Amino acid sequence: MSEISTKPYMLRAIYEWCTDSGYTPYLAVKVDRATTVPMEYVKNGEIVLNISFGATSGLKMDNDAIRFHARFGGVSREIFVPVNNVIAIYASENGQGMAFEPTLGMGEDELEDEEEDSAPTLSLAPAASPAASPAATESAPSGTPDDDGTPPKKGGRPTLTRIK
């Protein structure tokens, strides 16, 4: 009998904690061909989605996928995210949450080995002002100095940066 992954259960638990605490849950996702998201908001093969009650419609978090409708630029879009593609779930207000190693295209045997070995590190940095759409996406972190040596801008919402 194959072991059931704890990842979808942890995603639902962090989502519930965020909503019960009055925080806005964000989902960081690695985008591939199995993921249905607005590609114009994807940066570096990743997208960050606001999955709060006010930003989504019909949110369903199953053991295999997360499905919902959200508005991007005023247009309702259907979103489909395989659980294996989720990189992290966290509260946008304080950055607390949980990160995961994406397991794209892995078989069950490889997936079990990867889950035992993975322990990603998180770094939070302030982001630019939040996007106007309810299903806000975040861009690359701005918490590092620019190429011209100027320090990063302070304030705004934190973003999640994975450090390998």
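Two strands count as paired if DSSP finds at least two bridges between them. Strands themselves (E, at least two residues) and helices (H or I, at least four) are DSSP runs, numbered from the N terminus.

The model is predicted: local features need pLDDT of at least 70, side-chain atom pairs count only at pLDDT 80 or more, and totals for chains, interfaces and linings use all residues. Residues are numbered from 1 along each chain as its sequence is written, and side-chain values use heavy atoms, with hydrogens and water left out.

**Exercise 1. Find the strand order of the open sheet of 3 strands, and its edges.**

Step 1. Start with β3 and strand β4 (residues 65-72), which pair in the antiparallel sense over 4 bridges. Within this pairing, M61 stands opposite I66 in β4.

Step 2. Now write down the order: β3-β4-β5, with antiparallel pairing. The edge strands are β3 (56-61) and β5 (75-82), since each pairs on one side only.

Step 3. Add the twist, which averages 15° from one strand to the next. For such angles, axes are lines fitted to C-alpha atoms (for helices over the stretch in contact), and the angles run from 0 to 180 degrees between N-to-C directions.

**Exercise 2. Work out the order of the open sheet of 4 strands.**

Step 1. Look at strand β1 (residues 25-30). It is joined to β6 by 5 bridges, and the two run antiparallel. L27 stands opposite I89 in β6.

Step 2. Turn to the other partner of β1: 5 bridges join β1 to β2, again antiparallel. Here the bridge partner of A28 is V48 in β2.

Step 3. Continue from β6 to strand β7 (residues 97-99), an antiparallel pairing over 3 bridges. I89 stands opposite M98 in β7. The hairpin of β6 and β7 has 5 residues between the strands, and G95 takes a positive phi near 80° there.

Step 4. Put the pieces together: the order is β2-β1-β6-β7, with antiparallel pairing. At the edges stand β2 (46-50) and β7, each with a single partner strand, so one side of each is left without a neighbour in the sheet.

**Exercise 3. Decide how enclosed strand β6 is, and say what lies across it.**

Step 1. Set the scale: buried means under 20% relative accessible area, exposed over 50%, and partly exposed in between (1.4 Å probe, protein chains only).

Step 2. Count along β6 (residues 86-91): 6 of the 6 residues are buried, so the strand is largely enclosed by the rest of the structure.

Step 3. Find the helix. Helix α1 (residues 7-20) lies across β1, β6 and β7, running at about 20° to β6; contact here means heavy atoms within 4.5 Å.

**Exercise 4. Describe two of the aromatic pairs.**

Step 1. Apply the rule: rings of Phe, Tyr and Trp (its six-membered ring) pair if their centres lie within 6.5 Å; planes under 30 degrees apart count as stacked, over 60 as edge-to-face and the rest as tilted. This gives 3 aromatic pairs.

Step 2. W17 and Y23 form a tilted pair, 5.4 Å centre to centre with 55° between the planes. W17 is partly exposed at 32% relative accessibility, and Y23 is partly exposed at 29%.

Step 3. Y26 and Y90 also form a tilted pair, at 6.0 Å and 40°. This pair links distant parts of the chain: Y26 lies in strand β1 and Y90 in strand β6, 64 residues apart. Y26 and Y90 are both buried.
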